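User: Please take a close look at one helix pair in this structure, and set that pair in the context of its chain and of the nonpolar core.

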Amino acid sequence: MSTQHATEVADAHEGHAHEGHAHDDGAHGHGLTDMGYVKVALVLALLTGLEVALTYVDIGSLFMPVLLILMVIKFVTVVSFFMHLRFDSKIFSWLFYSGLFLAVGVYLAALCTFQFFAGN
Amino acid sequence: MADVAVHTPPADGHDDHAHGHTTSTGLSNNKLAMWMFLGSECLLFGGLISTYMLYRGRHEGSPTPSQLYNIPLTSISSFVLLMSSLTMVLAVSAAQRRDDRNTMTWLTVTALLGATFVGAQVFEFTEFVREGLGFTTNLFGSSFFTLTGFHGVHVTVGIIMLMALVGMVSRSRIPGDKAEVVEMIGLYWHFVDIVWIIIFTLVYLIPS
């Protein structure tokens with residue numbers, strides 16, 4: 001028991017140690033530098049512009065998959081970089097993504113029950 | 001089973017999470033609780049988004065969503081909320097540097113951007129009501145106003161927390177680790193942003 005516990009604690013601290021690798025010149029605490037955050041925001045702004053532009057051009061059946069992929073990329077980018085999940089302990093990722101995947105699973109099942117995907 | 005409080009500072013010499021408290025995981029309990037709360041919020045918004053998806057075609061007696069939605073306005077407000085996430089993360093970064101002046105500046109800018117977003121949402125709601133879509137007009141109206149209204153309330157609560165935080169930082173009234181408190185508010189704010197990323201795509205950009 002104590003060995004397992006010690007391993008868990010060591011793993012948690014390993015998360016901290018990884019933060020050290022994320023330290024760039026000028027970075028504080030954990031995560032990117034301020035300029036790094038600005039670059040991430042620019043990418044997010046570009047992706048948003050692309051999403052909006054897609055509503056004005058006809059790309060046929062690719063429209064919905066492309067929009068959903070762009071949405072997921074933006075979501076993961078904000079969670080990973082702005083919310084620091086990429087640099088933090090994996091326990092935080094587990095907590096958040098458990099809730100997220102539980103929600104996605106439960107509500108997909110609910111929508112299937114209502115025959116949402118059958119178009120009825 | 002003894003709850004062994006083993007805590008070893010990381011190699012780089014500073015400890016962002018434990019802040020002087022020894023916890024069994026070596027991580028901040030506040031931060032663990034916040035991530036758990038955000039995980040549970042996924043279920044709340046998942047329910048609201050699913051309900052909207054189910055009822056978005058039920059717009060008898062009112063204009064259709066594609067006639068109502070003002071995509072240019074919503075795109076600008078989405079951009080504003082996205083940029084508020086940038087200013088929030090810059091506030092967290094400044095707090096970690098113990099730079100109170102920049103922390104307060106970025107927190108205030110974040111609150112102003114959030115207020116701009118809420119203002120655009122209020123304008124959108126009044127336009128919809130003027131065009132004949134109220135909360136009880138049909139199922140589309142009920143699910144739309146509930147979903148976006150809940151999100152707007154979350155943004156408003158975030159703005160209140162940001163302004164309270166600015167006041168507390170300026171008076172040095174934050175107990176414990178200031179950077180961690182700013183980071184907690186930041187996590188909430190970014191969550192509100194990622195929920196809007198989903199709403200913007202599923203509600204506004206993908207037609208019913």
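Analyst: What follows treats the chain, then the helix pair, then the core.

This is a predicted model, in which local features need pLDDT of at least 70 and side-chain atom pairs count only at pLDDT 80 or more, while totals for chains, interfaces and linings use all residues. Residues are numbered from 1 along each chain as its sequence is written, and chains are lettered from A, with ligands numbered from 1, in the order in which they are written.

Chain A has 4 helices and 0 strands, where helices (H or I, at least four residues) and strands (E, at least two) are DSSP runs numbered from the N terminus; along the sequence the pattern reads α-α-α-α. Of the 120 residues in chain A, 28% are buried, a residue being buried if 20 or more other C-beta atoms, placed from the backbone, lie within 10 Å of its own, exposed if 12 or fewer, and partly exposed in between.

The pair in question is helix H2 (residues 34-54) of chain A and helix H3 (residues 63-82) of chain A, which pack at an angle of about 160 degrees with their axes 10 Å apart; the axes are lines fitted to C-alpha atoms over the stretch in contact, and angles run from 0 to 180 degrees between N-to-C directions. H2(A) and H3(A) are therefore roughly antiparallel to each other, the term for angles over 145 degrees. H2(A) passes H3(A) in a left-handed crossing, that is, with the near helix turned anticlockwise from the far one by less than a right angle.

Residues of H2(A) including A:Val40, A:Leu44, A:Leu47 and A:Glu51 meet residues of H3(A), among them A:Phe63, A:Leu67, A:Lys74 and A:Phe81, contact meaning that C-beta atoms, placed from the backbone, lie within 7 Å. By class, this contact of H2(A) with H3(A) has 12 nonpolar, 1 polar and 2 charged residues, with Ala, Val, Leu, Ile, Met, Phe, Trp, Tyr, Cys and Pro counted as nonpolar, Asp, Glu, Lys and Arg as charged, and the others, Gly among them, as polar.

The largest nonpolar core (a set of buried Ala, Val, Leu, Ile, Met, Phe, Trp, Tyr and Cys residues joined through C-beta atoms within 7 Å) has 64 residues, and those with the most contacts inside it include B:Val89, B:Leu90 and B:Trp196. H2 and H3 of chain A are among the elements that give two or more residues to this core, as are helix H4 (90-113) of chain A and helix H6 (178-205) of chain B. The largest share, 15 residues, comes from H6(B).

How values were computed: Angles under 35 degrees count as roughly parallel, over 145 as roughly antiparallel, 65 to 115 as roughly perpendicular and the rest as oblique. Two residues are in contact if their C-beta atoms, placed from the backbone, lie within 7 Å.
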